[in-house]
Amino acid sequence: MSASDDFNRLFKKVSLKETFISSIKKNSPPGIDGINKSQFEDNIDANISIINNKVLNGTFVFSKYLEKLLLKGRGKCPRIISIPTIRDKIVLKSLSLILANIYSAKVSPLHQIISNISKDVILSGTYDSFIRLDIINFYPSIQHDTLLKELSKKIKRVQIINLLKDAITQCTVTKSSSNGSDKEKIGIPQGLPISNILANAYMTTIDKKFITISNIKYYRYVDDILILCKKNKICKITELINKELGNVGLSIHPVGHEKFSAGDILAGFSYLGYTFNNSIITIRKQSIDKHRESIVNTLTQYKYSKKKDIEILKWALNIRITGGLLNNERYGWLFFYSQINDLKLLASLDHFVAKQLKRFNIESCDVNIKKYLRSYHEINNNLRNSKYIPNFDSYSDQERRLLLTKIFKFNTDSLNESQVEKIFSMKLFRRLKQLEKDLSGFSPK
């Protein structure tokens with residue numbers, strides 16, 4: 001099916017409404033206009049008709065994006081996240097589905113990348129060295145003309161290109177500075193449904209070039225690049241990729257910077273939060289330390305809470321250990337790091353939790369905390385049938401009400417099943433998203 005066929009299908013009124021219900025309704029904050037998803041839904045037929053008419057007649061224009069600052073840690077500039085209006089997000093999500101049919105099949109998911117690296121490092125023995133590179137200010141440096149030229153190779157329908165052009169040139173503002181009509185001349189706003197796919201499309205030519213070079217292995221996840229090669233090729237490959245990136249307005253951190261590293265594979269290296277030490281695939285120390293800290297923080301909050309609810313503590317610890325599934329998505333620290341083979345680390349984490357429970361004078365038999373080792377085996381070998389890893393999509397109305405009442409202290413007596421499902425999904429999504437803070441800047445989504 002062509003991009004034009006997808007456009008005709010996805011921008012029908014019935015498809016736009018389905019996009020709102022399936023992708024926007026549950027977890028979308030309001031944009032610059034202040035209209036939330038409930039207010040939009042109250043007048044949904046009229047709103048969908050306006051979107052449909054304006055997109056088809058070529059008069060649809062995106063509103064400015066609302067700025068949200070995402071802190072990256074002490075001493076680092078925050079990342080600017082762009083939040084579209086509910087109306088705009090429906091259009092952006094529909095565009096992302098069009099783009100996904102063209103580009104997503106060519107982009108390996110993170111877990112597949114880690115799996116492939118494991119095979120190339122541990123099994124092949126072909127390469128003795130690595131180069132790890134990070135693109136400087138990747139999203140803000142993407143050139144619009146170059147991107148639109150790349151997109152036009154695959155997308156011939158002018159309406160799609162015009163919508164994408166308007167989406168990437170729209171500015172991101174705070175509510176207090178929402179006046180004016182300036183357009184961005186460079187960069188892709190981060191946080192939009194189309195952001196990641198457009199960034200991958202921009203790198204298509206570079207990816208193709210380096211994937212086809214013999215005697216190296218090239219991997220890229222967003223702006224983080226790893227190349228496996230022979231030691232005598234390190235300088236040449238580094239110069240070549242710097243040159244190719246320069247041709248599209250991008251550059252890498254220089255030799256000596258903390259985000260540039262190269263050396264002997266046997267000495268070990270890190271990539272995407274994983275550490276490869278010869279045959280051992282484990283988790284980088286920073287992420288382990290941050291996760292341990294989150295366990296201690298959970299116990300500390302319990303210790304100083306006025307109402308020491310042991311059930312809430314048990315649930316909070318268990319969900320931090322196992323993660324969970326919601327809306328067919330996997331959330332949690334262990335889900336992200338499920339490609340490791342360092343079982344000693346998992347055993348040490350189980351020991352750490354037991355030690356902390358004792359330190360906080362909590363009897364382990366009172367809380368029945370789950371185990372990292374067991375969770376790891378369930379995730380990798382029995383996820384579909386597991387009763388150990390919570391699948392919140394399979395919860396009954398009664399189970400949803402019980403969880404909302406016991407854990408979130410939310411009274412559901414006056415709510416019907418649909419209302420319970422909506423609140424359950426919203427509260428679970430917020431809690432599960434918090435688990436990603438342990439990933440030290442990396443996300444599995």
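**Exercise 1. Work out how H5 and H9 pack, and which residues do the packing.**

Start with the geometry. In this predicted model, helix H5 (residues 86–103) packs on helix H9 (residues 158–169) with axes 11 Å apart and an angle of about 120 degrees. Helices here are DSSP runs of H or I with at least four residues, strands are E runs of at least two, and both are numbered from the N terminus. The axes are lines fitted to C-alpha atoms, for helices over the stretch in contact, with angles running from 0 to 180 degrees between N-to-C directions.

Next, put a word on the angle. Under 35 degrees is roughly parallel, over 145 roughly antiparallel, 65 to 115 roughly perpendicular, and the rest oblique. H5 and H9 are therefore oblique to each other.

Now the hand: H5 and H9 make a left-handed crossing. Left-handed means that the near helix is turned anticlockwise from the far one by less than a right angle, and right-handed means clockwise.

Last, the residues. From H5 come Leu92, Leu95, Ile98 and Leu99, and they meet Ile160, Leu163, Leu164 and Ala167 of H9. Contact means heavy atoms within 4.5 Å. Sorted by class, that gives 8 nonpolar, no polar and no charged residues. (Nonpolar covers Ala, Val, Leu, Ile, Met, Phe, Trp, Tyr, Cys and Pro; charged covers Asp, Glu, Lys and Arg; the others, Gly among them, are polar.)

A word on the ground rules: residues are numbered from 1 along each chain as its sequence is written. As the model is predicted, local features need pLDDT of at least 70 and side-chain atom pairs count only at pLDDT 80 or more, while totals for chains, interfaces and linings use all residues, and side-chain values use heavy atoms, with hydrogens and water left out.

**Exercise 2. Do the analysis again for H11 and H12.**

The axes of helix H11 (residues 204–211) and H12 come within 10 Å and cross at roughly 155 degrees. H11 and H12 are therefore roughly antiparallel to each other. H11 passes H12 in a right-handed crossing. On the H11 side the contact uses Ile206, Lys209 and Phe210, and on the H12 side Leu240, Ile241, Glu244 and Leu245. The class tally for H11 with H12 is 5 nonpolar, no polar and 2 charged.

**Exercise 3. How many disulfides are there, and why is Cys229 not bonded to Cys235?**

Recall the chemistry: a disulfide is a covalent bond between the sulfur atoms of two cysteines. The cut-off is a pair of cysteine sulfur atoms within 2.5 Å. Searching the whole structure turns up 0 disulfides. For Cys229, the closest cysteine sulfur is that of Cys235, and it sits 9.7 Å away, so it is too far for a bond.

Then check the surroundings. Cys229 is buried, at 0% relative accessibility, whereas Cys235 is exposed, at 57%. Buried means under 20% relative accessible area, exposed over 50%, and partly exposed in between (1.4 Å probe, protein chains only).

**Exercise 4. Place Thr298, Ser425 and Lys230, and list what each one touches.**

Take Thr298 to begin with. Thr298 lies in helix H13 (residues 285–304) and is buried, at 12% relative accessibility. Not counting residues up to four places away in sequence, Thr298 touches Leu313, Ala316, Leu317 and Arg320.

Now Ser425, which belongs to helix H20 (residues 417–434). Ser425 is buried at 5% relative accessibility. Setting aside neighbours within four places in sequence, Ser425 contacts Lys26, Asn27, Leu326 and Asn327.

Finish with Lys230. Lys230 sits in the loop between strand E6 (224–229) and helix H12 (234–247), and is partly exposed, with a relative accessible area of 38%. Leaving out neighbours within four places in sequence, Lys230 is in contact with Thr126, Asp128 and Ser129.

**Exercise 5. Which loops hold Val222 and Asn361, and what is the phi of each?**

Keep the background in mind: most residues other than glycine have a negative phi. Val222 is not a glycine, yet has a positive phi of about 60 degrees. Val222 lies in the loop between strand E5 (217–221) and E6, partly exposed at 24% relative accessibility.

Asn361 is next, with a positive phi near 60 degrees in a residue other than glycine. Asn361 is in the loop between helix H16 (343–359) and helix H17 (364–367), and is exposed, at 71% relative accessible area.
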